Amino acid sequence: MKVALLGLLQSGKSTIFASLSGKGIAPIGSTTIEEAIVTVPDERLEWLTEYYKPKKTTHATIDCLDVPGFNFTDEHGRVAARRLINQIRTVDMLVLVVRAFEDTAVPAYRNSLNPVRDLAELRTELLLADLELVATRIEKLEKQVHKPTKTQAHDKAELALHTKLQEAIEAEKPISSAIETEAEREMIKSLGFLTQKPIAVAVNVGENQLEAKFDFGERVDASVPVITICAKLEFELAQLDADSRALFCADLGITESAKGKFVNSCYSALGLISFITVVSNEIRAWPIKQGTIAVDAAGKVHTDIKRGFIRAETFSFDELKEHGSEKALKAAGKIRLEGKDYVVQDGDVINFRFNV
Ligand SMILES: Nc1nc2c(ncn2[C@@H]2O[C@H](COP(=O)(O)OP(=O)(O)O)[C@@H](O)[C@H]2O)c(=O)[nH]1
Ligand SMILES: [Mg+2]
């Protein structure tokens, strides 16, 4: 899963990226996209590792991109932003970072601090970038549909779809709101429209705003996760060892790490949950879409397991923790044998039975 951190100049993306990845902070003015693998924290895996003592524990990971800040206030900045936007069309989702922290040492975008306006500007620019792509495609298709080629019927359908998408964007609606069928989704898949992707919003707050809640009103759909992070503080915390970090967090009243918030917002925006396998001395978490059935979950682990699927021996992590041991769990009848169509739940610990 690939996630891009996007935002206006100096909103704190690189600082957030550094605290998530443990890497250094990209210098201000950098023009290249940085990439890092972020481990998904999961307390359940720590507990299971303690219990089963496997040789290896494998966390899920998120591939994270730090995209240089956009500056739409001049032509040079707009050109640079457009180039960067076209480089991230294959990512799975966007985390839009907006600045809310006050600091006279860091110049504010458009000379004033205004997270609501900044988010609106960012989203408008993403719409414009998609509009440009739609317009180019329409221009090409309009020529193509008149030719009696094998693809003529498909070209006509695609032209109709793009015309609908253009109308949506002109009404300031994201592409995602205009897609109605799987066939439509398939037709535009390779174009990578940014406003078709799930988003989360990360508000970068000051140290005195840790408790602040941000409401973007109707500008942000209720389904979009909005999180607050104090990037500067998180970066400092990331430099400490685990014990001192825990002390500082307790002192500051921080109950959830920036990494935890960030990962949860991504899982929520993408509709992901995790199941866990404990096999051949390895404990591993597997992210899947909510609603995935057992046989497809098996396919994530190995195509052979999917093909030879017999049953999914399943229990929930919470129940194991509650009963204290697998033996007690079994005695309580909490270990289930599920079939192919069982809808996998978050925190299921699954042992797939299969033959090949
Ligand atoms: N006071 C304060 N400064 C911050 C915070 N986050 C970032 N900064 C500063 O803002 C500037 C821009 O941050 P950076 O992460 O490079 O922003 P980017 O352009 O979005 O990547 C740097 O000088 C940071 O030290 C924060 O939470 N509080
Ligand atoms: Mg940066």
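Is the crossing of helix 1 and helix 7 left-handed or right-handed? Please keep that question in mind while I introduce the structure, which, I should say at once, is a predicted model.

Let me begin with the whole chain, which has 356 residues, 29% of them buried, and whose secondary structure comes to 13 helices and 12 strands. Along the principal axes, its C-alpha atoms fill a box of roughly 65 × 60 × 35 Å. If we take the contacts with a separation of 6 or more, 70% of them are between residues 24 or more positions apart.

Now to the two helices. Helix 1 covers residues 13-21 and helix 7 covers residues 231-238, and they pack with their axes 8 Å apart at an angle of about 30 degrees. Angles under 35 degrees count as roughly parallel, and therefore helix 1 and helix 7 are roughly parallel to each other. As for the opening question, their crossing is left-handed. On the side of helix 1 the contact is made by Thr15, Ile16, Ala18 and Ser19, while helix 7 brings Ala231, Lys232, Glu234, Phe235 and Ala238. Sorted by class, this contact has five nonpolar, two polar and two charged residues.

The same pair of helices returns when we turn to ligand 1, which has 18 residues around it, with Gly12, Ser14, Thr15, Gly69 and Lys232 coming nearest. Helix 1 and helix 7 are the elements that give two or more residues to this shell, and the largest share, three residues, comes from helix 1. By class, the shell around ligand 1 has nine polar, six nonpolar and three charged residues.

Methods. Residues are numbered from 1 along each chain as its sequence is written. Chains are lettered from A and ligands numbered from 1 in the order in which they are written. This is a predicted model: local features need pLDDT of at least 70, side-chain atom pairs count only at pLDDT 80 or more; totals for chains, interfaces and linings use all residues. Axes are lines fitted to C-alpha atoms, for helices over the stretch in contact, and angles run from 0 to 180 degrees between N-to-C directions. Helices (H or I, at least four residues) and strands (E, at least two) are DSSP runs, numbered from the N terminus. Angles under 35 degrees count as roughly parallel, over 145 as roughly antiparallel, 65 to 115 as roughly perpendicular and the rest as oblique. A crossing is left-handed if the near helix is turned anticlockwise from the far one by less than a right angle, and right-handed if clockwise. Two residues are in contact if their C-beta atoms, placed from the backbone, lie within 7 Å. Ala, Val, Leu, Ile, Met, Phe, Trp, Tyr, Cys and Pro count as nonpolar, Asp, Glu, Lys and Arg as charged, and the others, Gly among them, as polar. A residue is near a molecule or strand if its C-beta atom, placed from the backbone, lies within 6 Å of it. A residue is buried if 20 or more other C-beta atoms lie within 10 Å of its own, exposed if 12 or fewer, and partly exposed in between; C-beta atoms are placed from the backbone.
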